[in-house]
Every structure is written in C-alpha cells, then in structure tokens.
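This report describes selected features of one structure for a reader who has not met it before. Please keep the sequence and the structure in view while reading.

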Amino acid sequence: MSFPLPRWIGHRGGGALAPENTLAGIRLAGRMGFSAVEFDVMLSGDGTPVLIHDETLERTTNGQGLVGETPDAQLFALDAGDGERVPRYADAVAACREYGLLANVEIKPAAGLERQTAETVARLSTGLWQGATVQPLISSFSLEALEIARDRAPQIPRGVLFERVPADWLAVVRRLRAVTLHCAARHLSDDVLAEAQANGIPVLCYTVNTKKAAESLFERGISAIFTDRLDLFVAETSAYKGLHLRG
C-alpha cells in the first residue's frame with residue numbers, strides 16, 4: 001500500500017486562515033489545492049473522538065472546562081470560531097475523503113487516556129478510511145498510543161512525533177514500524193536528518209510559517225512541512241506531486 005506525501009500540510013486544518021481543527025479549515029485547504037491536512041483527535045466526555053488540540057476548552061471555543069469531562073450535547077453546541085462547531089472525527093474523515101486529502105491524524109490523548117483514545121481512534125479509522133484512495137497517516141507524541149495504533153490498525157501508516165528528537169529515535173521508529181519522523185523544525189539537527197536520509201525515512205517539520213524557513217528546510221533535505229500560512233504556499237501545491245511512501 002502506498003500513499004502520497006505532499007510537501008505542504010495544513011496545520012490543524014486550514015492553519016491561520018480558518019478556525020483550527022474545524023471542518024471549515026479542512027474544506028478551505030481542499031479548495032485552495034492543498035493535498036494534505038493535519039488535525040488533532042481527543043475524546044469527549046462521552047468517549048467520542050473529536051477534533052481539538054487542548055485538553056481545555058477556553059482557547060479554541062466559547063466553553064469552559066476539560067474536553068474529556070464535557071458531554072457531547074454540550075460540546076457540540078459550542079462555537080469553535082466563526083460559528084464553526086467542534087467536529088466529530090468521523091465528519092473530518094468524510095471531508096478529507098470528499099477532497100481527496102491525506103490526513104495526518106494526530107492522536108492527542110488527554111492525560112491518563114492514552115490507551116482509550118488510541119484504541120478508539122484506531123478502531124474507527126479502520127472503518128472510516130476503508131476503500132479511501134488516499135489513506136491517513138497516524139501520528140502522536142504518545143508512544144503508547146502509537147503502539148496501540150500499530151497493533152489495532154497495522155494497515156494504516158504511522159509517524160513518530162517528537163519536539164526534540166532523542167538519540168534512540170531510529171530504534172523507536174523501527175519498533176513502531178513507523179514510516180515517517182515528525183519534529184519541531186527549530187530542533188532538527190543535521191545528524192538526525194542525515195541518519196533519517198540514510199535509512200530512507202522522510203522527515204516532516206512543524207510549524208513552518210515563512211517561505212525562507214521552508215526553503216532552507218527543503219534544501220537541507222526534509223520531505224514536508226506543517227504550516228499555518230497556507231496562503232504563502234498555495235502556488236507551489238499545484239506544481240509539486242509529492243513523494244509516494246509505502247506502509
């Protein structure tokens with residue numbers, strides 16, 4: 001099974017051009033010609049996978065409290081920006097499939113809910129993405145979550161996500177049978193990049209919001225960037241076909 005890896009990935013959906021982690025952001029990226037988006041998936045108080053980054057509601061919605069303690073009826077009535085609602089993961093998958101987008105699904109478990117979140121996302125992903133032309137890429141900072149995704153949905157490719165890449169990163173990638181390495185652009189060392197290139201592992205960097213920074217990273221040999229500034233890279237998306245990875 002192969003999947004395309006575009007150079008430019010919309011961070012949290014539509015980046016800075018739409019409310020983060022919303023259907024409006026995903027659809028905007030698709031209409032602008034992007035081929036990939038990233039978003040975060042956490043469990044609601046009723047155990048429903050939803051798109052949201054923080055464990056608390058205050059920054060991205062007009063609600064208060066913990067996402068993991070908020071029942072669906074209350075959560076889905078909140079404003080996530082510009083009248084958008086907090087989306088169910090299932091609805092985000094439908095939007096990605098509508099536009100043919102590669103989705104980098106970041107499992108973002110609340111503290112103590114790593115296993116439950118990963119098991120739910122892996123189980124649902126198997127069905128939601130069945131038959132899709134473009135399969136998703138599951139990533140997480142939680143190695144436990146990635147282990148569960150590996151075991152519950154082995155057919156879906158995985159990416160290992162770090163802020164600073166540790167010395168034993170390659171052993172972690174191999175243990176998880178991951179296909180990509182994700183890290184903060186500002187912390188990517190030449191040694192890690194060289195080791196990744198020598199082992200045929202694409203490196204994806206976040207969050208890159210200037211053309212100068214993107215050009216520098218691509219010159220160094222990274223494969224893709226996550227960006228909030230979709231408007232800066234929209235012209236390049238139609239001219240670049242991307243890599244094809246095998247998972």
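## Aromatic pairs

In this predicted model, the count of aromatic pairs comes to 4. In one of them, the ring centres of Trp 8 and Phe 218 lie 5.8 Å apart with the planes at 75°; the angle is over 60 degrees, so the pair is edge-to-face. The pair links distant parts of the chain, since Trp 8 belongs to strand β2 (residues 8–10) and Phe 218 to helix α8 (residues 211–220), with their positions 210 residues apart. Trp 8 is buried, at a relative accessible area of 7%, and Phe 218 is buried too, at 14%.

Another pair is formed by Phe 141 and Tyr 206, whose ring centres are 6.5 Å apart and whose planes meet at 90°, so this pair is also edge-to-face. It links distant parts of the chain as well: Phe 141 is in the loop between β6 (137–140) and α5 (143–152), while Tyr 206 is in strand β9 (residues 203–206), 65 residues away in sequence. Phe 141 is partly exposed, with a relative accessible area of 40%, whereas Tyr 206 counts as buried at 19%.

Ring pairs also join Trp 8, Phe 218 and Phe 233 into a cluster. The ring of Phe 218 has a further partner: the charged end of Arg 7 sits over this ring, 4.2 Å from its centre.

## Salt bridges

The structure contains 14 salt bridges. One of them joins the side chains of Asp 54 and Arg 59, at 2.7 Å from N to O. Asp 54 counts as buried at 15% relative accessibility, and Arg 59 as partly exposed at 47%. Another salt bridge, of 2.9 Å from N to O, brings together Glu 106 and Lys 108; both of these residues are buried.

The side chains of Glu 147 and Arg 175 form a salt bridge of 2.4 Å, N to O. Glu 147 lies in helix α5 and Arg 175 in helix α6, so the pair ties together parts that are 28 residues apart in sequence. Glu 147 is partly exposed at 27% relative accessibility, and Arg 175 is likewise partly exposed, at 37%. Elsewhere, salt bridges with shared partners connect Arg 12, Glu 20, Asp 54 and Arg 59 into one network.

## A buried arginine and its surroundings

Arg 158 lies in strand β7 (residues 158–161). Arg 158 is buried but has no salt bridge, and the nearest side chain of opposite charge, that of Asp 151, is 7.7 Å away. Since a salt bridge requires the nitrogen and the carboxyl oxygen to be within 4 Å, the distance of 7.7 Å to Asp 151 falls outside the limit. A polar atom of the Arg 158 side chain does lie 3.0 Å from the backbone oxygen of Arg 177. Arg 177 itself is in the loop between α6 and β8, and its phi is near 50°, a positive value in a residue other than glycine.

The residues touched by Arg 158 include Leu 146, Ala 149 and Arg 150. Those three are also among the buried residues of α5, together with Ala 145 and Ile 148. The cover over the buried residues of α5 includes β5 (102–107), α4 (114–128), β6, β7 and α6 (169–176).

## Buried polar residues

His 182 is found in strand β8 (residues 180–184) and counts as buried at 1% relative accessibility. Its side chain makes a polar contact of 2.8 Å with the side chain of Thr 180. Among the residues that His 182 touches are Asn 104, Ser 139, Val 160 and Phe 226.

Ser 44 is placed in the loop between β3 (36–43) and β4 (49–51), and at 4% relative accessibility Ser 44 counts as buried. The side chains of Ser 44 and Asp 72 are joined by a polar contact of 2.6 Å. Ser 44 also touches residues including Val 50, Val 67 and Leu 75.

## An exposed loop residue

Asp 82 is located in the loop between α2 (72–75) and α3 (89–99). Asp 82 counts as exposed, at 73% relative accessibility. Its phi is positive, about 55°, although Asp 82 is not a glycine.

Key
Residues are numbered from 1 along each chain as its sequence is written. This is a predicted model: local features need pLDDT of at least 70, side-chain atom pairs count only at pLDDT 80 or more; totals for chains, interfaces and linings use all residues. Side-chain values use heavy atoms; hydrogens and water are left out. Helices (H or I, at least four residues) and strands (E, at least two) are DSSP runs, numbered from the N terminus. Buried means under 20% relative accessible area, exposed over 50%, partly exposed in between (1.4 Å probe, protein chains only). Lys and Arg count as positive and Asp and Glu as negative; His and the chain ends are not counted. A polar contact is a pair of N or O atoms within 3.5 Å; within protein, one must be able to donate a hydrogen and the other to accept it, and residues adjacent in sequence count only if both atoms are side-chain atoms. Contact means heavy atoms within 4.5 Å. Rings of Phe, Tyr and Trp (its six-membered ring) pair if their centres lie within 6.5 Å; planes under 30 degrees apart count as stacked, over 60 as edge-to-face and the rest as tilted. A charge sits over a ring if NZ of Lys or CZ of Arg is within 6 Å of the ring centre and within 35 degrees of the ring normal. Lists of a residue's contacts leave out its neighbours within four places in sequence.
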